[in-house]
Amino acid sequence: MEQKSVSILMLLAVEYGGVMLAVFADLVGGIMKSRREGRRVTSRGLRRTVGKLQSYYLSLFSVSVVDAMVCAALSVLGDGAPVPVFPYLTTLGSVLLCSIEVLSIIENMPERPRIGAGFKKLTVLAERFFMLRKRVRQM
């Protein structure tokens, strides 16, 4: 049981740390975009990052509390619980928050139109692949 608790705590540390790294990567991307456009980096923008990190961690901690309550209830129920003890909501929340930051980083990239064109080409190739696969199966 102790090994499982340590594993869950390590997972939570990775999730919280991942959110922090994503926010800092977005901060670096925003600073680079400001410099590229010749704008000054002000304390107001840096304060917005601190406020974003604060709201992200508050929401992530709230979800972690709900997860802890669910995990405690499942552990009280014993081994017959249909769901394994795992912080599902915290994992989902951290993935969503990191996804938001990845989209923000992509918006700050100067090569953004090329990325969009690459995704369009990828979808066209995937459609062609599935059409060919369907034709081969029909043969």
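These are my notebook entries on pockets, a nonpolar core and several single residues in a predicted model.

**Entry 1. Largest pocket**

I started with the pockets. The largest one has a volume of about 450 Å³. Its lining counts 19 residues, and those closest to the centre are Gly30, Ile31, Ser34, Gly45 and Arg48. I then asked which helices supply at least two residues each to this lining. They are α1 (2-36), α2 (43-77) and α3 (88-108). The largest share comes from α1, with seven residues. By class, I noted five nonpolar, seven polar and seven charged residues in the lining of the largest pocket.

**Entry 2. Second largest pocket**

Next I looked up the second largest pocket, which has a volume of about 260 Å³. I found 14 residues lining the second largest pocket, with Ile8, Asp67, Ala68, Cys71 and Val85 nearest its centre. Two or more lining residues come from each of α1 and α2. The class split for the second largest pocket is eight nonpolar, four polar and two charged.

**Entry 3. Asp67**

Asp67 was on the list of residues nearest the centre of the second largest pocket, and I followed it up. Asp67 sits in helix α2. Is Asp67 buried or exposed? Asp67 counts as buried because its relative accessibility is 4%, and the cut-off for buried is under 20%. I checked what the side chain of Asp67 reaches, and found the backbone nitrogen of Leu89 at 3.1 Å. With neighbours within four places in sequence left aside, the contacts of Asp67 are Phe86, Pro87, Tyr88, Leu89 and Thr90. Leu89 therefore appears twice in this entry, as the residue whose backbone nitrogen is reached and in the contact list of Asp67, a residue that is buried at 4%.

**Entry 4. Largest nonpolar core**

I turned to the nonpolar side chains. In soluble globular proteins, such side chains tend to be buried together. Which residues make up the largest nonpolar core here? I wrote down seven: Tyr16, Val19, Val23, Leu53, Tyr56, Leu60 and Leu97. Helices α1 and α2 are the elements that give two or more residues to this core.

I took Val23 from the core and listed its contacts, not counting residues up to four places away in sequence. Val23 touches Thr49, Lys52, Leu53, Tyr56 and Glu101. Leu53 and Tyr56 are also members of the core.

**Entry 5. Glu101**

Glu101 came up as a contact of Val23. I placed Glu101 in helix α3. With a relative accessible area of 1%, Glu101 is buried, as the limit is under 20%. Apart from residues up to four places away in sequence, Glu101 touches Ala22, Val23, Asp26, Lys52 and Tyr56. Lys52 and Tyr56 are on the contact list of Val23 too.

**Entry 6. Cys98**

Cys98 is another residue of helix α3 that I looked up. Leaving aside neighbours within four places in sequence, I have Cys98 in contact with Gly18, Val19 and Ala22. Among these, Val19 belongs to the largest nonpolar core, and Ala22 is also touched by Glu101. For a distance to a core member I took Tyr56: the C-alpha atoms of Cys98 and Tyr56 are separated by 10.0 Å, with their positions 42 residues apart along the chain counted as the separation.

**Entry 7. Gln3 and Lys4**

I went on to helix α1. Gln3 is in α1, and so is Lys4, as I read the helix assignment. Gln3 counts as exposed because its relative accessibility is 62%, and exposed means over 50%. Lys4 is partly exposed, with a relative accessible area of 44%.

I took one C-alpha distance for each. From Gln3 to Val63, 60 residues apart along the chain, the distance is 23 Å. From Lys4 to Val85, 81 residues apart along the chain, the distance is 9.0 Å. Val85 is one of the residues nearest the centre of the second largest pocket.

**Entry 8. Val50**

Last, I looked up Val50, which is found in helix α2. Is Val50 buried or exposed? Val50 is exposed, with a relative accessible area of 57%. I also took the C-alpha distance from Val50 to Ser34, 16 residues apart along the chain, and got 18 Å. Ser34 is among the residues closest to the centre of the largest pocket.

Note on methods. Residues are numbered from 1 along each chain as its sequence is written. This is a predicted model: local features need pLDDT of at least 70, side-chain atom pairs count only at pLDDT 80 or more; totals for chains, interfaces and linings use all residues. Side-chain values use heavy atoms; hydrogens and water are left out. On a 1 Å grid over the protein atoms alone, a cavity is a set of points where a 1.4 Å probe fits but cannot get out, and a pocket is an open set with protein on both sides within 12 Å along at least five of seven lines; lining residues have an atom within 4 Å of a point. Grid points are joined across faces, edges and corners, and a volume is the space filled by probe spheres set on the points. Helices (H or I, at least four residues) and strands (E, at least two) are DSSP runs, numbered from the N terminus. Ala, Val, Leu, Ile, Met, Phe, Trp, Tyr, Cys and Pro count as nonpolar, Asp, Glu, Lys and Arg as charged, and the others, Gly among them, as polar. A nonpolar core is a set of buried Ala, Val, Leu, Ile, Met, Phe, Trp, Tyr and Cys residues joined through side-chain atoms within 4.5 Å. Buried means under 20% relative accessible area, exposed over 50%, partly exposed in between (1.4 Å probe, protein chains only). Contact means heavy atoms within 4.5 Å. A polar contact is a pair of N or O atoms within 3.5 Å; within protein, one must be able to donate a hydrogen and the other to accept it, and residues adjacent in sequence count only if both atoms are side-chain atoms.
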